[in-house]
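Here are my notes for a first look through this one. Keep the viewer open and take the points in order.

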Amino acid sequence: VGLTIEHMGHVPFESGDLTLLPAVPMDLATIQLKLGGGLYGTVMGPNGTTAPECVLHLWVDNPRQRFTAEYIGGSYRFSAVPTGHHTLQVQGPDVGAASWPIKIEAGVDLPRDIQLEAGHYRRIRCHVPPHGGNRVSLVIRQQVAGGKQVAGGKQEQATRWWAIGNVERESPTGPGFAVFETWMTAGIYEVHAATPAGYKA
């Protein structure tokens, strides 16, 4: 089972998988909820109109978590997310996917309006071998200007696009594929695809 505890203004607690045995009590000790912060604003496209179908994620590094904003008619809101320095990411049809560093403070509702550039459409098709799994995770990254050096001497990269797609197959035991549609600003990117079965490209 999994246990979730929510309280207004606080970061939700997620237990992860818990194994309960018959007639054996489980003690989770004291659970301390942390006061969270908020983030809200509007998303505008290149022509000054609202972007109606965007998805916004807030990526937290430690521990690695992903929060998704409520998004209605060009307005977004993160209600209670962990405090600290995180990454705000936005993606959607016709607008260039982008990301920025953002600082969240406890008890502070931070306004942040977003202006996006026009996005160039790209269709990405991932071919999956017969035993490669039924889902593909796709990440598109761009090198950060002036970014710090990471393992292998490469510079850190910012995630611009993130998606999960189902694998289509003509037969259950045959090869398959997953198709993604993205909209990116002009530039050079690295595309990473992976399946839960351990296949990568």
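1. A term to start with: exposed means over 50% relative accessible area, buried means under 20%, and partly exposed is what falls in between. A23 has a relative accessibility of 83%, so it counts as exposed. Keep in mind throughout that this is a predicted model.

2. Stay with A23 for a moment. You'll find A23 in the loop between strand 2 (13–17) and strand 3. Its phi is positive, near 60°, and the residue is something other than glycine.

3. D94 is another one to look up. Its phi is about 75°, again positive, although D94 is not a glycine. Where does D94 sit? D94 is in the loop between strand 8 and strand 9. Since exposed means over 50%, D94 at 55% relative accessible area is exposed.

4. Next, a hairpin. Strand 4 (residues 55–60) and strand 5 (residues 65–68) make one, with four residues between them. The two strands pair in the antiparallel sense, and there are four bridges. To check the register, start at H57: its bridge partner in strand 5 is T68.

5. Now the inside. In soluble globular proteins, nonpolar side chains tend to be buried together. Here the largest nonpolar core has 21 residues, and the members touching the most others are V43, C54, L56, L58, Y76, F78 and L88. Two or more residues each come from strand 3 (37–44), strand 4, strand 7 (75–81), strand 8 (84–92) and strand 9 (95–104). Which strand gives the largest share? That is strand 9, with four residues.

6. C54 is a good place to park the view. Setting aside neighbours within four places in sequence, C54 contacts V43, Y71, V90, Q91, G92, V95 and L116. Apart from this core lies another one of 16 residues, including A97, V128, W183 and A193.

7. On to the aromatics. How many aromatic pairs does the structure hold? There are four. One pair to display is W59 with W162: the ring centres are 5.8 Å apart and the planes meet at 75°, which makes the pair edge-to-face. This pair links distant parts of the chain, as W59 is in strand 4 and W162 in strand 14 (residues 157–166), 103 residues apart. Buried or exposed? W59 has a relative accessible area of 11%, so it is buried. W162 also counts as buried, because its relative accessibility is 19% and the cut-off is under 20%.

8. There is an aromatic cluster as well, formed by Y121, W161 and W183. While you have rings on screen, look at two arginines. The charged end of R112 sits over the ring of W100, 5.4 Å from the ring centre. R125 lies over the face of F177, and there the distance to the ring centre is 3.8 Å.

9. Salt bridges: a search of the whole structure turns up two. R64 and D61 form one of them, with the closest N and O atoms 2.8 Å apart. Both R64 and D61 are exposed.

10. In the other bridge, the side chains of R77 and D109 meet at 3.0 Å, N to O. This pair links distant parts of the chain: R77 belongs to strand 7 and D109 to strand 10 (residues 109–111), with their positions 32 residues apart in the numbering. R77 has a relative accessibility of 31%, so it counts as partly exposed. D109 is partly exposed too, with a relative accessible area of 39%.

11. Last stop, T182. You'll see T182 in strand 16 (residues 176–184). Its relative accessible area is 0%, so T182 is buried. What does T182 touch, not counting residues up to four places away in sequence? The list is H120, Y121, R122, I124, L138, I140 and W161. Two of those names, Y121 and W161, also belong to the aromatic cluster in point 8.

Definitions and conventions. Residues are numbered from 1 along each chain as its sequence is written. This is a predicted model: local features need pLDDT of at least 70, side-chain atom pairs count only at pLDDT 80 or more; totals for chains, interfaces and linings use all residues. Side-chain values use heavy atoms; hydrogens and water are left out. Two strands pair if DSSP finds at least two bridges between them. A nonpolar core is a set of buried Ala, Val, Leu, Ile, Met, Phe, Trp, Tyr and Cys residues joined through side-chain atoms within 4.5 Å. Buried means under 20% relative accessible area, exposed over 50%, partly exposed in between (1.4 Å probe, protein chains only). Contact means heavy atoms within 4.5 Å. Rings of Phe, Tyr and Trp (its six-membered ring) pair if their centres lie within 6.5 Å; planes under 30 degrees apart count as stacked, over 60 as edge-to-face and the rest as tilted. A charge sits over a ring if NZ of Lys or CZ of Arg is within 6 Å of the ring centre and within 35 degrees of the ring normal. A salt bridge is a side-chain nitrogen of Lys or Arg within 4 Å of a carboxyl oxygen of Asp or Glu.
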